[in-house]
Amino acid sequence: MRVTTEKERIAVLTIKSEIVRSAGAFLRSEGFTEILPVLLSPITDPLRHETYDGKVDFYGTPYQLTKSMIFHKQIALRTLPKIFCFSPNVRMEPADRAGLGRYLAEFVQLDLEVRDASRNDVMAVGEGLVCSVFNAVLDACGDELLLLGRTLSVPTRPFARHSYADAAERFGEPFDDALSGTLDAPSWVIDFPRRIREFYDREDPSRPDVLLDMDLMYPEGFGEALSGGEREYEPDRIHSRLDRDGIPRAKFSRYLEEVKAGVPRSAGFGIGIERITRFICGLDRIEDARLFPKAPGDCQAI
Ligand code: AMP
Ligand code: MG
């Protein structure tokens with residue numbers, strides 16, 4: 001649906017507020033500590049697709065607006081074992097993504113990371129988080145869901161898993177829309193190939209070029225919900241991943257200094273808040289999932 005009335009806008013924002021509240025409450029109950037976001041840094045997520053960089057002149061030194069807090073999460077785990085953050089990200093995506101209904105140039109992801117965790121550990125956290133948020137919205141926002149004409153059901157756990165290789169064989173690449181369109185409950189895609197993911201997702205030591213990572217896909221064609229995985233943390237492996245991806249080490253020198261000083265082994269993920277709001281509310285366009293939306297390329301946005 002498209003949001004056209006003030007009542008519908010209020011319903012979406014009320015549900016979004018419950019999503020944020022219940023997600024934080026669930027993670028706290030699981031022993032996580034909330035940290036506050038970093039907006040500016042000389043090191044941010046390189047991403048694997050082209051975006052315009054949010055460059056900021058920081059006292060004469062080039063910094064960037066945060067694309068994700070991946071590196072800061074790893075460093076923060078020296079201090080706290082389980083962290084989460086509602087992290088505003090600026091990713092100036094190509095303007096031709098604006099029509100797809102799921103990209104914003106400014107969005108918020110709930111980003112979390114767990115020291116000494118495996119992929120399975122954080123997948124269990126992801127399943128608990130999604131179910132807990134769906135239950136909370138059903139309990140607290142029945143009238144709002146009714147107004148939006150949305151029926152929501154809580155998935156059963158564990159969620160189904162598909163390997164990237166199997167999905168690619170079945171649907172071709174990229175397969176997000178095709179796979180998501182066939183699902184009737186959130187499902188995992190695991191084991192992405194190295195060639196399409198960032199250097200910090202851990203390569204399986206026993207399967208070269210296969211990563212210990214995952215995406216969660218929403219059903220009904222809503223596409224990707226979250227991405228995450230185990231992380232590389234050993235300096236030699238990180239150097240080799242940068243080299244194999246053709247990324248100059250100098251570009252990440254500040255990060256490599258931190259890695260040399262030691263970052264813990266970890267796994268984690270980031271789940272988009274506007275995307276989960278879009279799914280829960282059944283919205284055609286992600287712009288309707290927040291106030292002051294900035295679609296890629298929309299220079300009239302405020
Ligand atoms: P990533 O690790 O890049 O997959 O980002 C983590 C999550 O943030 C994704 O799974 C999405 O839910 C969300 N996300 C990423 N990029 C965007 C975007 N341009 N607009 C809205 N949400 C996004
Ligand atoms: Mg992703």
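How do the residues that line the largest cavity divide into nonpolar, polar and charged? I will start there, and then move outward to two helix contacts and two pockets.

Before the answer, a word on what we are looking at: this is a predicted model, in which local features need pLDDT of at least 70 and side-chain atom pairs count only at pLDDT 80 or more, while totals for chains, interfaces and linings use all residues. Residues are numbered from 1 along each chain as its sequence is written, chains are lettered from A and ligands numbered from 1 in the order in which they are written, and side-chain values use heavy atoms, with hydrogens and water left out.

The lining of the largest cavity has eight nonpolar residues, no polar ones and no charged ones, where Ala, Val, Leu, Ile, Met, Phe, Trp, Tyr, Cys and Pro count as nonpolar, Asp, Glu, Lys and Arg as charged, and the others, Gly among them, as polar. On a 1 Å grid over the protein atoms alone, a cavity is a set of points where a 1.4 Å probe fits but cannot get out, a pocket is an open set with protein on both sides within 12 Å along at least five of seven lines, and lining residues have an atom within 4 Å of a point. The structure holds one cavity of 30 Å³ or more, and about 50 Å³ of space lies in the largest cavity, a volume being the space filled by probe spheres set on the grid points, which are joined across faces, edges and corners. Its lining consists of Ile-19, Ala-23, Leu-110, Leu-129, Val-133, Ile-271, Ile-273 and Ile-276, and the elements that give two or more of these residues are α1, α3 and α9. Helices here are DSSP runs of H or I with at least four residues, and strands are runs of E with at least two, numbered from the N terminus.

How do these helices meet? Two packed helices are described by the angle between their axes and the distance between the axes. The axes of α1 (residues 6–29) and α3 (residues 119–140) come within 9 Å and cross at roughly 135 degrees, with axes fitted as lines to C-alpha atoms, for helices over the stretch in contact, and angles running from 0 to 180 degrees between N-to-C directions. The two helices are therefore oblique to each other, since angles under 35 degrees count as roughly parallel, over 145 as roughly antiparallel, 65 to 115 as roughly perpendicular and the rest as oblique. Among the residues making this contact (heavy atoms within 4.5 Å) are Ile-19 and Ala-23 of α1 and Leu-129 and Val-133 of α3. By class, the contact of α1 with α3 has eleven nonpolar, three polar and two charged residues.

For α1 and α9, the axes come within 10 Å and cross at roughly 125 degrees, which makes α1 oblique to α9. Val-12, Ile-15, Lys-16, Ile-19 and Val-20 of α1 take part, together with residues of α9 including Ile-273 and Ile-276.

Turning to the pockets, about 1,200 Å³ of space lies in the largest one. Its lining has 44 residues, of which His-49, Tyr-103, Asp-215, Glu-224 and Ser-227 lie nearest its centre. These 44 divide into 18 nonpolar, seven polar and 19 charged, and β10 gives the most to the lining, with five residues.

The second largest pocket has a volume of about 560 Å³, and of its 24 lining residues the closest to its centre are Pro-46, Asp-53, Gln-64, Lys-67 and Lys-251.
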